[in-house]
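Here's a relaxed walk through one protein chain, from its overall layout to its core and its surface. Have a look at the fold before reading on.

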Amino acid sequence: MSALPERAPDGVVLRLILLLGLASAMLIAGAWWSQLVWHLVPCKLCLEQRQPHYAAIALAVVAGFVARTRSLQIAALIGFALLFAWSTGLGFYHAGVEWGWFLGPNDCGGGAPPVAGGVGNLLSQLQTTRIVSCTEAAWRFLGISLAGWNCLISFGLLVASLLGLKRLVRG
């Protein structure tokens, strides 16, 4: 199999790469906003859904500086496609757990609370700490949970990545 001939990098694709990173940054900002401002405590699966977006932000920053050839742009878009496929799968799984379609992990709960200073503090902390279940949607918009929205948005970003890849490969 012969390698694709190297052509000049595509400015539209470079902008797409930066927009994909910006979209992930906006999703992460929304997740942190809901956690810090609305006090929606994330469960284990919520936290896992952030990982592909953190990686996509890093990929966009690196690709923004180094993806100055067609082959590097192709590599970046393949990376985005894989990350957004992973994110789509995580979102679908978590939304399915919330709807009762799938069993969630046995250890699904929120992050660990701060360590208590003594027995009295521990008892007080146990009474006020709420374990967050992966089966309960903390918030819904138009009947879709945050996990469902992550699935839908990540799928859209996956499609955008694949369309950019198609543009580069077909020329």
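The report below starts with the whole chain, then moves through the helices, the core and the surface.

## The chain as a whole

Keep in mind that this is a predicted model. The chain has five helices and two strands, and from the N terminus on they come in the order α-α-α-α-β-β-α. So what does the contact pattern look like? For contacts with a separation of 6 or more, 80% are between residues 24 or more positions apart.

Of the 171 residues in the chain, 35% are buried. The accessible surface adds up to about 10200 Å², and carbon and sulfur atoms account for 71% of that.

## Helix α1

Helix α1 covers residues 11-36. With 26 residues at 1.5 Å a residue, α1 should span 38 Å, and since its end C-alpha atoms sit 37 Å apart, the two values agree.

A good part of the helix is tucked away: Val13, Leu14, Leu16, Ile17, Leu20, Gly21, Ala23, Ser24, Ile28, Ala31 and Ser34 are its buried residues. What do they lean on? The buried residues of α1 pack against α2, α3 and α5. An α-helix has 3.6 residues a turn, so residues three or four places apart point the same way.

Leu22 also belongs to α1, but Leu22 counts as partly exposed because its relative accessibility is 45%.

## Helix α2

Helix α2 takes in residues 44-66. Its 23 residues should span 33 Å at 1.5 Å a residue, and the end C-alpha atoms of α2 are 34 Å apart, which agrees. The buried residues here are Leu45, Gln49, Arg50, Pro52, His53, Ala56, Ala60, Ala63 and Gly64. Their cover includes α1, α3 and α5.

Two other α2 residues are worth a look. Lys44 is in this helix and is partly exposed, given its relative accessible area of 25%. Ala58 is in α2 too, and with 42% relative accessibility Ala58 also counts as partly exposed.

## Links between distant residues

A few C-alpha pairs show how separate stretches of sequence end up in space. Leu22 and His53 are 31 residues apart along the chain, with 9.8 Å between their C-alpha atoms. For Ala58 and Ala25, the sequence gap is 33 residues and the C-alpha separation is 9.7 Å.

Lys44 pairs up with a residue further along: Lys44 and Asp107 are 63 residues apart in sequence, and their C-alpha atoms are 8.1 Å apart.

## Helix α3 and the core

Helix α3 runs over residues 70-99. It has 30 residues and reaches 43 Å from first C-alpha to last, close to the 44 Å expected at 1.5 Å a residue. Right after α3 comes Gly100, which has a positive phi near 85°.

Which residues touch the most other members of the largest nonpolar core? In that set of 20 residues, they are Ile17, Leu20, Leu77, Phe80 and Phe84. The elements giving two or more residues to this core are α1, α2, α3 and α5 (146-170), and α3 provides the largest share, with seven residues. As a general point, nonpolar side chains in soluble globular proteins tend to be buried together.

Phe80 makes a handy place to zoom in. Leaving out residues up to four places away in sequence, Phe80 touches Ile17, Leu20, Gly21, Ala56, Leu59, Ala60 and Ser161.

## A nonpolar patch on the surface

Now for the outside. Trp32, Trp33, Leu36, Val37, Trp38 and Tyr54 make a nonpolar surface patch of about 640 Å². Which element gives the most to this patch? That's helix α1, with three residues.

Trp33 is one of the patch members and is found in α1. Is Trp33 buried or partly exposed? Its relative accessibility is 47%, so Trp33 counts as partly exposed.

How values were computed. Residues numbered from 1 in each chain as written. Predicted model: local features only at pLDDT ≥ 70, side-chain atom pairs only at ≥ 80, totals over all residues. Heavy atoms only, no water. Patch = residues over 30% accessible without salt bridge, like charges linked within 9 Å, V, L, I, M, F, W, Y side chains within 5 Å. Areas by Shrake-Rupley, 256 points an atom, 1.4 Å probe, with all protein chains shown as cover. Salt bridge = Lys/Arg side-chain N within 4 Å of Asp/Glu carboxyl O. Helix = DSSP H or I, 4+ residues; strand = E, 2+ residues; numbered from the N terminus. Buried < 20%, exposed > 50% of the residue type's maximum accessible area, 1.4 Å probe, protein only. Core = buried A, V, L, I, M, F, W, Y, C linked by side-chain atoms within 4.5 Å. Contact = heavy atoms within 4.5 Å. Expected span 1.5 Å × (residues − 1).
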